[in-house]
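Biologist: Could you pick one spot and take me through it slowly, side chain by side chain? After that, feel free to work outward from there.

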Amino acid sequence: MTYALPPLNALRAFEAAARHLSFKLAAHELHVTPAAVGQQVKALEARLGVQLFERLHKQLILTAAGQAYLPGVSEGFRHIADATAQLKPSGAVLLQLGVHASFDLRRLDLAAFRSGHADIGLRVLQPAGLHELVEGKVDLLIARGVGHHPGYRCDRVNEGSGPGDWLIAPEGTADCPEIVSFRAWLRAAIAENPHTNRRPRLVGGVGS
């Protein structure tokens, strides 16, 4: 059976905006810009041929079509989330890695990590930010920004100064075996490919 589905990113943008009745709050939840949420929703409306929101001055209101659409979309995402939560990656210890929205996961050969660390079950949450790390939804985070966060160990993923990609873990768990293993694997992977621009580069950072 082939499912006739709109792009899932557009559905996520609609669902979050409809729950919050705000592109700004939806953007905060999804770790993108409000403009990106608005563009995704606009593209979804164009694809469906239905207006889902009334865009008033400083106010977002669901149309009748949007109100009818939201429960089914939300229920669908709940079913997907519940089914995903039931899956247990192979490995005695689960390591949950958060990654910011614009990071290209193709830069990381995560299959190589999994094959070399059969005792660690690696799960990736994207998009994710400091909010998910603080709430304990992820154990380790690749974040975009300046890596200075009190109470966290921060290692720079790429070269340069100013904003960049950082590997961040709470100081209390930064030396756990699974996190140490991932950090060491990342260092080794980069050392093996020192001239590959598409690979991230982990250099010494705050708390190292």
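Modeller: Let's start at Glu-135, which is partly exposed, with a relative accessible area of 45%. Keep in mind that this is a predicted model. The partner to look at is Lys-137, also partly exposed, at 44% relative accessibility. Glu-135 and Lys-137 form a salt bridge, and their closest N and O atoms are 3.2 Å apart. Side chains of opposite charge can pair when their charged atoms come close.

The count for the model comes to eight salt bridges, so it's worth setting a couple of others beside this one, with under 20% relative accessible area as the cut-off for buried. Take Asp-155 and Arg-153: their closest N and O atoms are 2.9 Å apart in a salt bridge, and both residues are buried. Then there's Glu-15 with Arg-19, another salt bridge, with 2.8 Å between the closest N and O atoms. Those two sit four residues apart in helix 1 (residues 8-20), which means about one helical turn separates them. Their surroundings differ, though: Glu-15 counts as buried, at 10% relative accessibility, while Arg-19 is partly exposed at 42%.

Just ahead of helix 1 you'll find Tyr-3, in the segment before that helix. Tyr-3 is exposed, with a relative accessible area of 60%. Together with Met-1, Leu-5 and Leu-8, Tyr-3 forms a nonpolar patch on the surface, and the four share about 550 Å² of accessible area.

Now for some backbone oddities. Most residues other than glycine have a negative phi, and most peptide bonds are trans. His-31 goes against the phi habit, with a positive value near 60 degrees. You'll see His-31 in the loop between helix 2 (23-30) and helix 3 (34-48), where His-31 is partly exposed at 26% relative accessible area. Lys-58 isn't a glycine either, yet has a positive phi of about 60 degrees. As for the peptide bonds, the one joining Gln-126 and Pro-127 is cis, with omega at about 5 degrees. Pro-127 belongs to the loop between strand 4 (120-125) and helix 6 (130-134).

Lys-58 brings us to a hairpin. The loop holding Lys-58 runs between strand 1 and strand 2, and this hairpin has two residues between its strands. Out there Lys-58 counts as exposed, at 79% relative accessibility. The strands themselves, with strand 1 covering residues 53-56, pair in the antiparallel sense over four bridges. One of the partners to look for is Gln-59 in strand 2, which is bridged to Leu-56.

In a regular strand the side chains alternate between the two faces of the sheet. Strand 2 (residues 59-62) shows this nicely: Leu-60 and Leu-62 point to one face and are buried, whereas Gln-59 and Ile-61 point to the other and are not.

Finally, zoom out. The chain has seven helices and seven strands, and along the sequence they read α-α-α-β-β-α-β-α-β-α-β-β-β-α. Of its 208 residues, 38% are buried. Among contacts with a separation of 6 or more, 59% come from residues 24 or more positions apart. The accessible surface of the chain is about 11,900 Å², and carbon and sulfur atoms account for 56% of that.

Technical notes
Residues numbered from 1 in each chain as written. Predicted model: local features only at pLDDT ≥ 70, side-chain atom pairs only at ≥ 80, totals over all residues. Heavy atoms only, no water. Buried < 20%, exposed > 50% of the residue type's maximum accessible area, 1.4 Å probe, protein only. Pairing = 2+ DSSP bridges. Salt bridge = Lys/Arg side-chain N within 4 Å of Asp/Glu carboxyl O. Contact = heavy atoms within 4.5 Å. Areas by Shrake-Rupley, 256 points an atom, 1.4 Å probe, with all protein chains shown as cover. Patch = residues over 30% accessible without salt bridge, like charges linked within 9 Å, V, L, I, M, F, W, Y side chains within 5 Å.
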